[in-house]
Amino acid sequence: MKSRRLLLLLICLVARNVTGQTQRVGGPCEGCEAIHESPVPFDKLTSFLTMSDATWTGNKPLSINGTVYKADGKPPAPGVVLYVYHTDQTGRYVARQGARGWERRHGSLRGWMRTNEQGEYKFVTLRPAPYPMQTSRPTFISLSKSRA
């Protein structure tokens, strides 16, 4: 059930104007420019991402996939760059030593991918934890996208 809520939240953040709605989904983008910190050139990104800084030992991976559509909701949007980041299992954004740019704020559990010709993407990571002292708040994965 929690996986469904997390996936629904992620879909709500990505989807916009797909069903003809006029109100924007999601809030302002804090650190949108972090999408440009990709260590891999955008044209070399793939549609599948495994979060490399996740600690896999003894943990179950969480897989999220979807399709990005153009604003009119008709054809899928190929070549859209997606940037994702989230907290670790303690609810913190932990950066590596010597981190630069937005990694200092977003932590090292972050990554980039680009939708394929069908607008599809998939990433595998670990389930994030809620912020410390805010256990009633739902966990989430933040996502930014380039223009379709």
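# A walk from pocket to cavity

Strand E4 gives the lining of the second largest pocket its largest share, four residues. That makes E4 a handy place to start. Before going further, note that this is a predicted model, in which local features need pLDDT of at least 70 and side-chain atom pairs count only at pLDDT 80 or more, while totals for chains, interfaces and linings use all residues. Residues are numbered from 1 along each chain as its sequence is written, and side-chain values use heavy atoms, with hydrogens and water left out.

Back to the pocket. A pocket here is an open set of points on a 1 Å grid over the protein atoms alone, with protein on both sides within 12 Å along at least five of seven lines; its lining residues have an atom within 4 Å of a point. The second largest one holds about 320 Å³ of space, where volume is the space filled by probe spheres set on the points. In total, 19 residues line this pocket, and those nearest its centre are Pro 39, Ser 52, Arg 110, Gly 111 and Trp 112. Which elements give two or more residues to this lining? They are E1 and E4, the latter running over residues 110-114. Sorted by class, the lining comes to eight nonpolar, six polar and five charged residues; Gly counts as polar in this scheme, while Pro and Trp are nonpolar and Arg is charged.

Now zoom out to the whole chain. It has two helices and six strands, taken as DSSP runs (helices are H or I with at least four residues, strands are E with at least two). Following the sequence, you meet them in the pattern α-β-β-β-α-β-β-β. Of the 148 residues in the chain, 33% are buried, meaning under 20% relative accessible area with a 1.4 Å probe; exposed is over 50%, and partly exposed is in between.

E4 belongs to an open sheet of three strands, ordered E4-E3-E6 with antiparallel pairing. Two strands pair if DSSP finds at least two bridges between them. E4 and E6 are the edge strands here, each with a single partner, so one side of each has no neighbour in the sheet. Look next at E3, residues 81-85: four bridges join E3 to E6, and the two run antiparallel. To find one of these pairs by eye, start at Leu 82, whose bridge partner in E6 is Lys 145.

E1, which also helps line the pocket, sits in another open sheet of three strands, with the order E1-E5-E2 and mixed pairing. Strands E1 (48-50) and E2 (61-67) are at its edges, and each has a single partner strand, so one side of each is left without a neighbour in the sheet. Where does the mixed pairing come from? E1 and E5 (residues 120-126) run parallel and are joined by three bridges, whereas E2 and E5 pair in the antiparallel sense over seven bridges. On the E1 side, Thr 50 stands opposite Val 124 in E5; on the E2 side, Asn 65 stands opposite Lys 122 in E5. E5 itself is mostly covered, with five of its seven residues buried.

The loops have something to show too. Between E4 and E5 lies Thr 115. Is Thr 115 buried or exposed? With a relative accessible area of 3%, Thr 115 is buried. A polar atom of its side chain lies 2.9 Å from the backbone nitrogen of Gly 79, and the backbone nitrogen of Val 80 lies 2.9 Å from a polar atom of the Thr 115 side chain as well.

Further along, in the loop between E5 and E6 (142-145), comes Met 133. Met 133 is exposed, at 81% relative accessibility. Its phi is near 70°, a positive value in a residue other than glycine. Most residues other than glycine have a negative phi.

One last stop: the interior space. How many cavities of 30 Å³ or more does a search of the whole structure find? The search finds one, a cavity being a set of points where a 1.4 Å probe fits but cannot get out. The largest cavity holds about 40 Å³ of space. Around it you'll find Thr 87, Ala 129, Pro 130, Tyr 131, Arg 137, Pro 138, Thr 139 and Phe 140. By class, that lining has five nonpolar, two polar and one charged residues.

Note on methods: A polar contact is a pair of N or O atoms within 3.5 Å; within protein, one must be able to donate a hydrogen and the other to accept it, and residues adjacent in sequence count only if both atoms are side-chain atoms.
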